[in-house]
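Here is a short briefing on salt bridges and strand pairing. Please keep the sequence and the model open as you read.

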Amino acid sequence: MPRFKSLAAASTATLSLALAGCMGTGSIPDASAPITQSEAQAGAEAHPQLLAEFGGAMTGSQAQYVEQVGKNIAVQSGLGNARESFTVSLLNSSVNNAFAIPGGYIYTTRQLVALMNNEAELAGVLGHEVGHVAARHSQRRQAKAQQNSLLGAAGAILSGILLGNSGLGQQIGQTFLQGSQLLTLKFSRTQELEADELGIRYLNQAGYDPKAMATVLQSLALQNALDARLMGRDNASIPEWASTHPDPASRVQTALTKAQGMSGVTNRDTFLTRIDGLLYGDDPKQGVIEGREFIHPELRLAFTAPQGFYMINGTSAVSISGQSGKAQFSLAPYNGNLNTYVQSVFSALSKEQQVTPSSIQKTTVNGIPAAYGTARVNSSSGQVDVTVFAYEFANDRAYHFLAITPAGQASTFNAMFSSMRRITAQQASGVIPRVLDVITVRSGDTVASLASKMAYTDNQVERFRVLNGLTANENLTVGQKVKIVVRGS
């Protein structure tokens, strides 16, 4: 299926093993050592899986620009003697994320690039990730037997909230992360600060303004806070780059202190010109989130999340989260029997303890054949209900929700289950992507007037300020280039 396919649970394990291949019991190279053969091999094995998880590598002039900047900053690390030693990928993902893996593989999502405001910030983020690789942080975390899987900080999305640290909680938590674009390495605060410091060093060596590390961290902190407000939460715990790389707000001042007395270029106008037209937010090929609606124009389906819940869209799953439960929408292999399909989803959760529904009921939802079942499960923090609700869209194609709620609250998602529907070709064609439009401030333009052109119905001014790195009291100047988000063609 286009951009929405099942990922076997083994794929993450394979990826973890691939990266662990260069983390043996031998000595770990220091930060000035070039890429080793084992590191290169491990990175080459993991690279295709990471691309698949994050929507694939983008092509074209924008991807080439990111590649050029990334390679230029990576060579400052000494990991490789030539730009060809590195593979830099711009990922087609609406999640704010960036990472690098052993072997010289560096990644940033288009969404994170869209948040940046100059070339030095792009170089700073990529330099920070290269710093993790140069310092062999992943190997050191592995060697100390600390928690360091590719499931990152979000590994306890369910287990920490509803299931405690039980084996079942970890299993279901990992299941919910499949296809959620949250694969990332989690490092200690000390390692984050060391990567910041290395990134600042690389910026200085390359002739960039090292203060860009602080400004991009500030933008990330503001975006995290805005996302939290938009989703009705009191904290910025969205599992994206800014939270898997802990506490960007508190690191801003540290980065500024490290960069004190240094100067260099930012290449702001060049950067903004080069990213003009960049896809922003969800790619319709992966489905889009519009408020509480998820719409997939290619798969011709849509559903509505419950009031007070937020969604995160991935290449092969949609996560739905709220205070009273979690759910994920995805698909699995289908042989034409909905009962068997529902049972297979439950079976995939039964590694630690048996998860079996009391019964499987058949029904019809908006003309779509459906089946569902709920299992009561014991966990370290009490009993929970696990529900699987599946829909047959064709003889060889079915989709399902996997939901978890505190015991007795399985009805939390009933309205969402009942909202699943097919959409018409006309409705599908009406799904138009958002893109960045870089414009030049003219006389009479204000933050409010330009923000009103943003392709959103809410929080336009706040979105505009965060997107352009503007403080609450900062105004525009004539001739300044700024970004707005508009509907594409």
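Two strands count as paired if DSSP finds at least two bridges between them. Strands S13 (residues 382–394) and S14 clear that cut-off, pairing antiparallel over 10 bridges. The model is predicted. The points below start with strand S14 and then turn to charged side chains.

**Strand S14 and its neighbours**

- Strand S14 spans residues 397–406. Nine of its 10 residues are buried, so the strand is mostly covered, buried meaning under 20% relative accessible area.
- S13 leads into S14 through a hairpin of two residues.
- In the pairing of these strands, valine 388 stands opposite leucine 402 in S14.
- Strand S10 (residues 325–331) also runs antiparallel to S14, and six bridges join them.
- Here glutamine 328 stands opposite leucine 402 in S14.
- Leucine 402 therefore has valine 388 opposite it and glutamine 328 opposite it as well.
- In a regular strand, side chains alternate between the two faces of the sheet.

**Salt bridges: the count**

- Side chains of opposite charge can pair when their charged atoms come close.
- The cut-off is 4 Å between a side-chain nitrogen of Lys or Arg and a carboxyl oxygen of Asp or Glu. By this rule there are seven salt bridges.

**A bridge between S6 and S15**

- Glutamate 293 and arginine 421 form a salt bridge, with N to O at 2.4 Å.
- Glutamate 293 sits in strand S6 (residues 293–296) and arginine 421 in strand S15 (residues 421–422), so the pair ties together parts that lie 128 residues apart in sequence.
- Glutamate 293 is partly exposed at 24% relative accessibility. Arginine 421 is partly exposed too, at 26%.

**Other charged pairs**

- Aspartate 385 meets arginine 376 in a salt bridge, at 2.3 Å from N to O. Aspartate 385 is buried, with a relative accessible area of 5%.
- Aspartate 458 bridges to arginine 463, and their closest N and O atoms are 3.0 Å apart.
- Which partner of that pair is buried, and which is partly exposed? Arginine 463 is buried at 17% relative accessibility. Aspartate 458 is partly exposed at 32%.

**A charged network**

- Salt bridges also link Glu290, Arg434 and Arg487 into a network.

Conventions
Residues numbered from 1 in each chain as written. Predicted model: local features only at pLDDT ≥ 70, side-chain atom pairs only at ≥ 80, totals over all residues. Heavy atoms only, no water. Helix = DSSP H or I, 4+ residues; strand = E, 2+ residues; numbered from the N terminus. Buried < 20%, exposed > 50% of the residue type's maximum accessible area, 1.4 Å probe, protein only.
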